[in-house]
Amino acid sequence: MLIFFFLLWIIFNGRVTTELVFLGIIIAAVIFMFAKYAFNYSLYLEGLIWRNLPWAVVYLGNLVIEIIKAALQVSSVIVNPKKHPDPVLVEFDSRFHTMFQNAVLANSITLTPGTYTVEQSGNHFRIHCLVPALGEGLDSSSFVRLLEKVHMGRRAQ
């Protein structure tokens with residue numbers, strides 16, 4: 001992070017001189033210390049972020065695919081006069097014990113068309129589904145399988 005702040009300083013200045021390098025080192029160190037104390041930054045948490053970055057990219061790609069699939073399913077219910085919405089509430093418990101994983105799961109379900117999280121308390125979820133088919137297998141969905149691969153570490157919540 002310190003190197004990132006220093007490089008950002010050099011990029012914003014657009015030139016490299018001895019004075020700017022020394023001043024950049026001082027300013028980068030001050031910003032680094034501020035981030036460390038104000039935002040509880042640590043090298044351990046940065047390691048977790050870098051370790052989970054590939055899974056985040058895969059997860060976002062999966063989220064986009066699931067949104068498209070659900071949008072097609074919901075549009076078929078809306079466009080077809082023979083199909084009618086049949087809203088249901090589905091409840092399930094996730095296998096996650098961290099607030100982060102449960103919050104990501106709840107938000108992913110809400111972002112998917114035809115479903116939204118009505119209530120999430122700990123690892124218990126109550127989901128409203130436009131049609132019952134959208135609620136089937138939520139507890140073992142692709143979201144859950146990918147979130148299981150995220151390494152939360154011993155201190156992260």
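This tour moves through a predicted model, from the first helix to the sheet and then to the salt bridges.

**First stop: helix α1**

Begin by selecting residues 2-13, which make up helix α1 and include Ile3. Display the side chains of Ile3, Leu7, Ile11 and Phe12, which form a nonpolar patch on the surface. Together these four residues have about 500 Å² of accessible area. Ile3 itself counts as exposed, because its relative accessibility is 64%.

**Second stop: aromatic pairs**

Five aromatic pairs are present in the structure. Select Phe4 and Phe5, whose rings form a tilted pair at 6.0 Å centre to centre, with 50° between the planes. The two residues can be coloured separately: Phe4 is partly exposed, at a relative accessible area of 48%, whereas Phe5 is buried, at 17%. Proceed next to Phe32 and Tyr41, where the ring centres are 5.6 Å apart and the planes stand at 75°, so this pair is edge-to-face. Phe32 and Tyr41 are both buried.

**Third stop: the sheet**

Now select strands β1 (residues 88-93), β2 (residues 115-121) and β3 (residues 124-129). These three strands form an open sheet in the order β1-β3-β2, with antiparallel pairing. The edges are occupied by β1 and β2; each has a single partner strand, so one side of each is left without a neighbour in the sheet. From one strand to the next, the twist averages 20°.

Strand β3 pairs with β1 over six bridges, and its pairing with β2 also runs over six bridges. To follow the register, select Phe92, whose bridge partner in β3 is Phe125, and then Glu91, whose partner in that strand is Arg126. On the β2 side, Tyr116 stands opposite His128 in β3. The hairpin formed by β2 and β3 has two residues between the strands. Gly122 lies in its turn and has a positive phi of about 65°.

Which side chains of β3 point to the buried face? Phe125, Ile127 and Cys129 point to one face and are buried. His124, Arg126 and His128 point to the other face and are not buried.

**Fourth stop: salt bridges**

The structure holds four salt bridges. Keep the sheet in view and select Glu119 and Arg126, whose side chains meet in a salt bridge at 2.9 Å, N to O. Glu119 counts as partly exposed at 34% relative accessibility, and Arg126 is likewise partly exposed at 26%. Adding Glu91 to the selection completes one network, in which salt bridges that share partners join Glu91, Glu119 and Arg126.

Move to helix α3 (residues 43-79) and select Glu66 and Lys69, which lie three residues apart, about one turn of the helix. Lys69 forms a salt bridge with Glu66, and the closest N and O atoms are 3.2 Å apart. Glu66 is buried, with a relative accessible area of 19%, while Lys69 is partly exposed at 46%.

Finish with Arg95 and Glu148, which form a salt bridge at 2.6 Å, N to O. This pair links distant parts of the chain, 53 residues apart: Arg95 is in the loop between β1 and α4 (99-111), and Glu148 is in the segment after α6 (142-147). Arg95 counts as partly exposed at 46% relative accessibility, as does Glu148 at 40%.

Conventions. Residues are numbered from 1 along each chain as its sequence is written. This is a predicted model: local features need pLDDT of at least 70, side-chain atom pairs count only at pLDDT 80 or more; totals for chains, interfaces and linings use all residues. Side-chain values use heavy atoms; hydrogens and water are left out. Patches are made of residues with over 30% relative accessible area and no salt bridge: like charges are joined within 9 Å, nonpolar side chains (Val, Leu, Ile, Met, Phe, Trp, Tyr) within 5 Å. Accessible areas come from the Shrake-Rupley method with a 1.4 Å probe; for residues, only the protein chains shown count as cover. Helices (H or I, at least four residues) and strands (E, at least two) are DSSP runs, numbered from the N terminus. Buried means under 20% relative accessible area, exposed over 50%, partly exposed in between (1.4 Å probe, protein chains only). Rings of Phe, Tyr and Trp (its six-membered ring) pair if their centres lie within 6.5 Å; planes under 30 degrees apart count as stacked, over 60 as edge-to-face and the rest as tilted. Two strands pair if DSSP finds at least two bridges between them. Axes are lines fitted to C-alpha atoms, for helices over the stretch in contact, and angles run from 0 to 180 degrees between N-to-C directions.
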